[in-house]
Amino acid sequence: MPRRSTRVPSLSPKETLILELLCAQGELYGLQLVSASKRRLKRGTVYVTLGRMEDKGYITSRLEDAPPEMGGMPRRMYSPTPLGRRVLDAWTRVTAHLQEAFAR
Amino acid sequence: MTMHTGRGVRRLAARILPDSTVQRFVDPAIADLQHEHASALHYGHPWRARRVRLFGTLRLLQVIALLGVLRALQIGMGHRAIRPALATVAAVMAVAAISIGLVFFMLVQLPLEPWRPGDNVRLVYYLVPSTVVVSIPLGCALGAIMAVGRRVGLRQRLTLLVTAAALSALSFGLFAVLVPTANREWVRTLVGGHPAAPGIHEMPFTDLRVWLAPEPYRLVRGHFIIPHNDARAVFFAYETRFAISLAPLVFCILAFSLSNRRRALRTCAVVCVWAGYLLWYAWFDEAVVSASAVPVSLLAWMPNILVLTSAMLLSTTGLRRLA
């Protein structure tokens, strides 16, 4: 019988923001995430955060060829995985529960 | 044009980073930059396109530098010689700091005011930043000696240099704020908790700079400070803080230059040089600096200059021997 991982998934504020944006808007690339986050994500660090989230299995990516009239390298599009959606859902509920408990 | 945007940076990244890292972190950033650049040109905004290219390239360089440093540290940490070296740095620093603290504590004169409960603990607590600053160069050099041998490659040396530079920055931070503050509290504890006018060693950099300014008197932290009777002593204290902050890096370079020698000899040499440093800065107190005719900057930087010159000579001799 395979051992189940006992590690509780966690989300940093930036990871939460990225997952929220991806869940709301579907597939996005790095710069779209930066502009959609209203400067809360930085261009210099967003790709490293996205790479880390991909390692954790929260998001997945695929290469998309650039439009022929624009040219350039293929762009990497990011989308949430079912695990990412579940973690975000659970995280949001836990946060709301904590806020409610401590607001009393 | 868009096709070429970021290509030079990608070549640079490919030299420093592994292919997988370039494909995962650098390529998406370049693709987005190219797309943004092409969009600006497509919609007739050439100046916006230039701006996008300039700032995008700078951000790419920032990402590559960050990933490069992380990789250098990762490779260095993976080397079997580096972990014991870093453990040695920490252990030597701790032992040296505690020893210096104990010696200083035993030599200190009794307070003028009645001893209050907890004053012993307070004095030890305020002594910690100074002893840590003094012990950092020795820890750095002995750690480097533990790690550096003939078989240690450039990347491992780079890891040690980055660590030494970080320790230098830490020393500077301690010297700039924490050490003077702790010294001030130390003096205050000695005089029974009464506020005391700060001396040279109790002033942060900003206050020392105020003291060096040619004005009749200054108000520093609520105290009127009359001009110091000897600007040379103040200037020496000011320069010394920079010089000692750089000592970890200097000691690390010295350890590199000794890498061809036997370990016992290297350790002995580094301990002697460190003791020389301590004696030098202990000997040149305010009175000696005032009496001396040698330029103050030279006095403050002399140990670093001597050690770096020796390291250079030793490296040259070592290279000749290897040749």
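This passage describes the secondary structure, salt bridges, internal spaces and a nonpolar surface patch of a predicted two-chain model.

The secondary structure of chain A consists of 4 helices and 3 strands, arranged along the sequence in the pattern α-β-α-α-β-β-α. Chain A has 104 residues, of which 38% are buried. In chain B, 11 helices and 2 strands are found, and the order along the sequence is α-α-α-α-α-α-α-β-β-α-α-α-α. Of the 323 residues in chain B, 43% are buried.

Side chains of opposite charge can pair when their charged atoms come close. Over all chains, the count of salt bridges comes to 9. Within chain A, A:Glu15 pairs with A:Lys56, with the closest N and O atoms 3.0 Å apart. This contact links distant parts of the chain, since A:Glu15 belongs to helix 1 (residues 13-25) and A:Lys56 to helix 3 (residues 46-56), 41 residues apart. A:Glu15 has a relative accessible area of 1% and is therefore classed as buried, the cut-off being under 20%. A:Lys56, at 34% relative accessibility, counts as partly exposed.

A salt bridge also forms between A:Asp55 and B:Arg24, where the closest N and O atoms are 3.0 Å apart. Because A:Asp55 lies in helix 3 of chain A and B:Arg24 in helix 2 of chain B, this pair joins two chains. A:Asp55 is exposed, with a relative accessible area of 55%, whereas B:Arg24 is partly exposed at 27% relative accessibility.

Within chain B, B:Asp27 forms a salt bridge with B:Arg10, and the closest N and O atoms are 2.6 Å apart. B:Asp27 is in helix 2 of chain B and B:Arg10 in helix 1 of chain B, so the pair ties together parts that are 17 residues apart in sequence. B:Asp27 counts as buried at 13% relative accessibility, while B:Arg10 is partly exposed with a relative accessible area of 24%. Salt bridges that share partners also join A:Glu15, A:Arg52 and A:Lys56 into one network.

A search of the whole structure yields 2 cavities of 30 Å³ or more. The largest cavity holds about 100 Å³ of space. Both chains contribute to the lining of this cavity, which includes A:Leu31, A:Arg43 and A:Tyr47 together with B:Asp32, B:Arg59 and B:Val63. Helix 3 of chain B supplies the largest share of the lining, 4 residues. By class, the lining of the largest cavity comprises 6 nonpolar, 1 polar and 3 charged residues.

The second largest pocket contains about 560 Å³ of space. Its lining is made of 19 residues, and those nearest the centre are A:Leu31, A:Val34, A:Arg43, B:Glu36 and B:Arg59. Two or more lining residues come from each of helix 2 (30-36) of chain A, helix 2 (19-42) of chain B and helix 3 (46-78) of chain B. Helix 3 of chain B gives the most, with 5 residues. The lining of this pocket divides into 6 nonpolar, 5 polar and 8 charged residues.

On the surface, B:Leu12, B:Ile16, B:Leu54, B:Phe55, B:Leu58 and B:Leu61 make a nonpolar patch of about 500 Å². Helix 1 (7-16) and helix 3 of chain B each give two or more residues to the patch, and helix 3 of chain B provides the largest share, 4 residues. B:Leu58, found in helix 3 of chain B, is partly exposed with a relative accessible area of 47%.

Technical notes:
Residues numbered from 1 in each chain as written. Chains lettered and ligands numbered in written order. Predicted model: local features only at pLDDT ≥ 70, side-chain atom pairs only at ≥ 80, totals over all residues. Heavy atoms only, no water. 1 Å grid on protein atoms, 1.4 Å probe; cavity = no way out; pocket = protein on both sides within 12 Å on 5 of 7 lines; lining within 4 Å. Points joined across faces, edges and corners; volume = space filled by probe spheres on them. Nonpolar A, V, L, I, M, F, W, Y, C, P; charged D, E, K, R; others polar. Patch = residues over 30% accessible without salt bridge, like charges linked within 9 Å, V, L, I, M, F, W, Y side chains within 5 Å. Areas by Shrake-Rupley, 256 points an atom, 1.4 Å probe, with all protein chains shown as cover. Salt bridge = Lys/Arg side-chain N within 4 Å of Asp/Glu carboxyl O. Buried < 20%, exposed > 50% of the residue type's maximum accessible area, 1.4 Å probe, protein only.
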